[in-house]
Amino acid sequence: MSDPLLSLPLYRAPYAVIDLETTGLRAALGDAICEIAVLRVQEGRVHRSYHTLIDPGRPISPEAYAVNRITEDMLRGAPTFAQVADRVLAELRGAVLVAHNAPFDLSFLVAALQEVPRPIPNNPVLDTLAIARNCYGFPSNSLYAIAADLGIAREARHRARDDAWTTWKILEFFCRDLQLRRGIGTVGQLVHLQGGPIRWPEGPDLNELPEVLVEALERRRLLFLRYCSSSGLVTERAVEPLRVGMYQGTVYLVARCLLRGEQRTFRLDRVLEMRLQDGYTER
């Protein structure tokens with residue numbers, strides 16, 4: 001069944017404009033959200049905004065720091081995603097989700113929700129990057145280059161709150177311009193113009209995972225692993241499984257090692273032995 005939001009006029013539809021900063025580029029390999037901002041917009045006005053730094057439970061990569069300049073000190077005392085998940089879902093509820101390069105943001109959002117765990121939304125998605133690529137000929141389709149071409153002022157690059165605001169102003173321009181030039185009037189028409197619906201990502205099929213791993217994830221059980229690294233080194237460790245992800249056709253387990261309390265990522269095809277440990281974990 002078609003989502004009723006798709007039939008709404010562009011100016012009347014409720015939007016949840018989202019931007020994330022992350023510890024790295026690949027959610028499937030264990031990178032996580034370290035900042036999130038959501039703007040709720042309708043009829044041309046920002047009705048409310050939500051913004052917070054998030055403790056990602058792992059270090060920020062040097063590459064990510066070079067972009068967002070978020071430090072470990074800035075994250076000290078920040079809430080975990082588990083502590084803000086319900087608020088984030090409330091901000092998204094009943095709205096068209098908007099992001100620049102939406103598949104990237106969705107991959108991290110879904111990974112975080114799976115880890116908590118919380119149900120995955122299915123909001124219609126508008127991607128300002130896809131619209132730019134399909135409907136315009138900007139010299140560069142980066143958020144900042146488009147904003148500069150359109151004369152949209154910015155304050156802090158690669159910080160979630162300012163990037164969300166910039167994304168909204170770009171979408172606002174696209175809606176006005178495409179309505180005048182192409183007669184686009186509804187959310188569904190704009191979704192079609194961007195190249196079609198953008199699907200929320202799905203994790204690996206649980207039926208294809210080892211039963212012991214499924215039980216550990218569902219019942220929050222600890223696991224014992226014998227693992228062979230890429231160099232051939234075999235180690236044994238007890239872990240708290242957090243979630244599974246897929247990258248380039250390979251399934252990975254993201255887990256927290258109990259010995260040092262650090263998050264690690266394991267290729268499932270390199271796990272030599274896996275069994276449940278006694279005891280449960282609290283997330």
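This report walks through the fold, the cores and a few unusual backbone spots of one protein chain.

**The whole chain**

Keep in mind that what you're looking at is a predicted model. The chain contains nine helices and ten strands. Its radius of gyration is 20 Å, close to the 19 Å that the globule rule gives for 283 residues, so the chain is as compact as a globular protein of that length. If you line up a box with the principal axes, the C-alpha atoms fill roughly 65 × 45 × 35 Å.

How much of the chain is tucked away? Of the 283 residues, 48% count as buried. The chain exposes about 14,200 Å², and carbon and sulfur atoms supply 49% of that area. As for charge, there are 34 positive and 34 negative side chains, with the centres of the two sets 2 Å apart. Contacts often link distant parts of the sequence: among those between residues at least 6 apart, 65% join residues at least 24 apart.

**Two nonpolar cores**

In soluble globular proteins, nonpolar side chains tend to be buried together. Here the largest nonpolar core has 34 residues, and the members touching the most others are Tyr15, Leu126, Ile131, Leu171, Phe174, Leu178 and Leu190. Strands E1 (15-22), E2 (33-42) and E4 (96-99) each give two or more residues to this core, and so do helices H5 (128-135), H6 (143-150), H7 (160-182) and H8 (187-193). Which element gives the largest share? That's H7, with eight residues.

A second, separate core has 30 residues, including Val38, Phe81, Val110 and Val116.

Now zoom in on Tyr15. Leaving aside neighbours within four places in sequence, Tyr15 is in contact with several residues, among them Leu10, Leu39, Val98, Leu126, Trp168 and Leu171. Follow one of those contacts to Leu39, which sits in strand E2. Leu39 has a relative accessible area of 6%, so it falls under the 20% cut-off and is buried. Not counting residues up to four places away in sequence, the partners Leu39 touches include Tyr15, Val17, Val46, Arg48, Ala164 and Trp168. For a sense of scale, try finding Leu222: it is 183 residues from Leu39 in sequence and 38 Å away in space, C-alpha to C-alpha.

**Helix H5**

Is H5 mostly enclosed or mostly open? Six of its eight residues are buried, so H5 is largely enclosed by the rest of the structure. The buried ones are Thr128, Leu129, Ala130, Ile131, Ala132 and Cys135. They pack against E4, E5, H6, H7 and H8.

**Unusual backbone spots**

Most residues other than glycine have a negative phi, and most peptide bonds are trans. Two residues in this chain, Arg69 and Asn101, go against the phi habit. Here they are side by side:

| Residue | Phi | Relative accessible area |
|---|---|---|
| Arg69 | near 60 degrees | 48%, partly exposed |
| Asn101 | about 65 degrees | 31%, partly exposed |

Where do they sit? Arg69 lies in the loop between helix H1 (62-68) and helix H2 (72-75), while Asn101 is in the loop between E4 and H4.

There's also a peptide bond to look for: the one from Val116 to Pro117 is cis, with omega near -5 degrees. You'll find Pro117 in the loop between helix H4 (102-115) and strand E5 (125-127). Its partner in that bond, Val116, is one of the residues in the second core.

Key: Residues are numbered from 1 along each chain as its sequence is written. This is a predicted model: local features need pLDDT of at least 70, side-chain atom pairs count only at pLDDT 80 or more; totals for chains, interfaces and linings use all residues. Side-chain values use heavy atoms; hydrogens and water are left out. A nonpolar core is a set of buried Ala, Val, Leu, Ile, Met, Phe, Trp, Tyr and Cys residues joined through side-chain atoms within 4.5 Å. Buried means under 20% relative accessible area, exposed over 50%, partly exposed in between (1.4 Å probe, protein chains only). Helices (H or I, at least four residues) and strands (E, at least two) are DSSP runs, numbered from the N terminus. Contact means heavy atoms within 4.5 Å. The radius of gyration is taken over C-alpha atoms; the globule rule is 2.2 Å times the number of residues to the power 0.38. Accessible areas come from the Shrake-Rupley method with a 1.4 Å probe; for residues, only the protein chains shown count as cover. Lys and Arg count as positive and Asp and Glu as negative; His and the chain ends are not counted. The place of a charge is taken as NZ of Lys, CZ of Arg, CG of Asp or CD of Glu.
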